[in-house]
Amino acid sequence: MKINVMDTWAAITKDDTLRQNSTKPYEVEFTFSEGWEGYTKTAIFEAGPASVIVALTEDRCAVPTECLKHGSVKLQIGIYGVNGEERKGTIWCLASMIIPDATMNMGGSSPSPDDIYSEIMAAIGDLAAAGF
């Protein structure tokens, strides 16, 4: 993933497919305008209820695994900088939605249509007794 940072805004120039509970490290590379020279830079990642602050090393960091614990939410990234008494921040930059983990559905395999029908009919009961 690559993000361009210009003054107080940030834009993703190369996105990545983020997967819930992935063990793959998702690297983020930031490119800063001259106005950020001399600043100590920190990225703020938010996804669902997770909010994690990560210090940048050589304008890079990885997406925190805590932010990948929730699927079907968008990852937001903000950047914050400090240079002595000066502080600077960006607006949120939206990455792609985190794709839900397919193994999280009831044991990992999908029930057959016949099983679903049987469960629905068992829950409804005898339709003849209800007058149908």
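## The sheet

In this predicted model, four strands make up an open sheet, and they line up in the order 2-1-3-6 with mixed pairing. Who ends up on the outside? Strand 2 (9-14) and strand 6 (60-62) stand at the edges. Each has a single partner strand, so one side of each goes without a neighbour in the sheet. Going from one strand to the next, the twist averages 25°.

As a bit of background, the strands of a sheet pair through backbone hydrogen bonds, and they can do so in a parallel or an antiparallel way.

## A closer look at strands 1 and 2

Here's one pairing you can trace for yourself. Strand 1 covers residues 2-6, and it pairs with strand 2 in the antiparallel sense. Five bridges link strand 1 and strand 2. If you want a spot to start from, look for valine 5: it stands opposite alanine 10 in strand 2.

## The aromatic rings

Now for the rings. How many aromatic pairs does a search of the whole structure find? It turns up three. Take tryptophan 36 and tyrosine 39: their ring centres are 5.8 Å apart and their planes meet at 55°, so this pair counts as tilted. Are tryptophan 36 and tyrosine 39 buried or exposed? Both are buried.

Those two residues also belong to a wider group, as Phe30, Phe32, Trp36 and Tyr39 form one aromatic cluster. Phenylalanine 32 has a charged visitor too: lysine 41 lies over the face of its ring, 4.5 Å from the ring centre.

Technical notes:
Residues are numbered from 1 along each chain as its sequence is written. This is a predicted model: local features need pLDDT of at least 70, side-chain atom pairs count only at pLDDT 80 or more; totals for chains, interfaces and linings use all residues. Side-chain values use heavy atoms; hydrogens and water are left out. Two strands pair if DSSP finds at least two bridges between them. Helices (H or I, at least four residues) and strands (E, at least two) are DSSP runs, numbered from the N terminus. Axes are lines fitted to C-alpha atoms, for helices over the stretch in contact, and angles run from 0 to 180 degrees between N-to-C directions. Rings of Phe, Tyr and Trp (its six-membered ring) pair if their centres lie within 6.5 Å; planes under 30 degrees apart count as stacked, over 60 as edge-to-face and the rest as tilted. Buried means under 20% relative accessible area, exposed over 50%, partly exposed in between (1.4 Å probe, protein chains only). A charge sits over a ring if NZ of Lys or CZ of Arg is within 6 Å of the ring centre and within 35 degrees of the ring normal.
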